[in-house]
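Here's a quick briefing to read with the model open in your viewer. Have a look at the fold first, then work through the notes by topic.

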Amino acid sequence: MASSGEQQKKLKLYSYFRSSCSHRVRIALKLKGLEYEYKAVNLLKGEHVSPEFTKLNPIGYVPVLVDGDIVVSDSFAILLYLEEKYPQHPLLPRDLQIRAINYQDSTISAFLSLQPFNMQKYLAEKVNPDEQYVWARNHIGKGLEALEKMLHDYAGKYATGDEVYLADCFIAPQLYGAIKWFSLDMTSYPLLSRLNEAYNQLPAFVDSAPENQPDTPI
């Protein structure tokens, strides 16, 4: 059987710097201390629909994780795979109720994502930029409002207590995008604003941010 170090060297992450779905996985890999090879997939150049990439993921979405002979696509599936394969720094708490809240918060955060790329492209073709921003802010704001309420009775230093779990991996990229790319006013979300500040103090989250990726434009 291969050692943990040997297994880690086999990890490859197909990612796009601005993809919130890829962002989640990058955070989880950093939290678990797993080294990986970054394989950039340029969505603007259509590399996600190339024959080479669609062999890995027929639907043509990032991220994709390759672990030796195992190929896993979809961020939720990848994070659960990492949790089972690499138990260091657990992403799921033992308490079943808190675990369920992590699942719920992660699902809501995934709903907020304006990925995949083809959704953004479709909107760009149908409406002008100003209308895109209005739509995005309304869409994101609705989800953040739900998260703010759901986390009220569970949040500690982080989303569901004083340890970083699965929900944090999902929530952080959505807050990043809402603030950085859509200039969303966070005044109505004091709890989420506090969480965002906490995430910005953690090396795993900072290192995983879009501006710190190999394929980020200079």
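The notes below go from the overall layout to strands, salt bridges, nonpolar cores and cysteines. Keep in mind that this is a predicted model. The protein chain has 10 helices and 4 strands, and 50% of its 218 residues count as buried.

**Overall layout**

- Going along the sequence, the elements come in the order α-β-α-β-α-β-β-α-α-α-α-α-α-α.
- If you take the contacts between residues at least 6 apart in sequence, 70% of them join residues at least 24 apart.

**Strands E1 and E2**

- Strand E1 (residues 11-15) and strand E2 (residues 37-40) run parallel, and 4 bridges join them.
- To get from E1 to E2 the chain passes through helix H2 (residues 20-31), giving a right-handed β-α-β crossover.
- One bridge to look up pairs lysine 12 with glutamate 37 in E2.
- Glutamate 37 also forms a salt bridge with lysine 39, where the closest N and O atoms are 3.6 Å apart.
- Both ends of that salt bridge are partly exposed: glutamate 37 has 38% relative accessibility, and lysine 39 has 26%.

**Salt bridges elsewhere**

- A search of the whole structure turns up 4 salt bridges, including the glutamate 37 and lysine 39 pair.
- Another one brings together the side chains of glutamate 83 and lysine 32, at 3.0 Å from N to O.
- Glutamate 83 belongs to helix H4 (residues 75-85) and lysine 32 to the loop between H2 and E2, so this salt bridge ties together parts that are 51 residues apart in sequence.
- Both partners are buried: the relative accessible area of lysine 32 is 3%, and glutamate 83 comes in at 15% relative accessibility.
- Aspartate 67 and lysine 85 make a salt bridge as well, with their closest N and O atoms 2.9 Å apart.
- That pair links distant parts of the chain, with aspartate 67 in strand E3 (residues 64-67) and lysine 85 in helix H4, 18 residues apart.
- Here the two ends sit in separate burial classes: aspartate 67 is buried at 5% relative accessibility, whereas lysine 85 is partly exposed at 30%.

**Nonpolar cores**

- The largest nonpolar core has 46 residues, and those with the most contacts inside it are Leu82, Leu144, Ile171, Leu192, Tyr199 and Phe205.
- Several elements each supply at least two residues of this core, among them E1, H2, H4, helix H5 (96-112) and helix H7 (129-150).
- Which helix gives the most to this core? That's H8, with 8 residues.
- For a closer look, pick leucine 144: leaving aside neighbours within four places in sequence, leucine 144 is in contact with Leu112, Leu175, Ala178, Leu184, Met186, Tyr189 and Leu192.
- There's also a second, separate core of 10 residues, which includes Tyr14, Leu43, Phe53 and Val62.

**Cysteines**

- How many disulfides does the structure hold? The count is 0.
- Cysteine 169 is buried, with a relative accessible area of 0%.
- Cysteine 21 counts as buried too, at 15% relative accessibility.

Key:
Residues are numbered from 1 along each chain as its sequence is written. This is a predicted model: local features need pLDDT of at least 70, side-chain atom pairs count only at pLDDT 80 or more; totals for chains, interfaces and linings use all residues. Side-chain values use heavy atoms; hydrogens and water are left out. Two strands pair if DSSP finds at least two bridges between them. A crossover is right-handed if, with the strands pointing away from the viewer, the path from the first strand over the helix to the second runs clockwise. Buried means under 20% relative accessible area, exposed over 50%, partly exposed in between (1.4 Å probe, protein chains only). A nonpolar core is a set of buried Ala, Val, Leu, Ile, Met, Phe, Trp, Tyr and Cys residues joined through side-chain atoms within 4.5 Å. Contact means heavy atoms within 4.5 Å. A disulfide is a pair of cysteine sulfur atoms within 2.5 Å.
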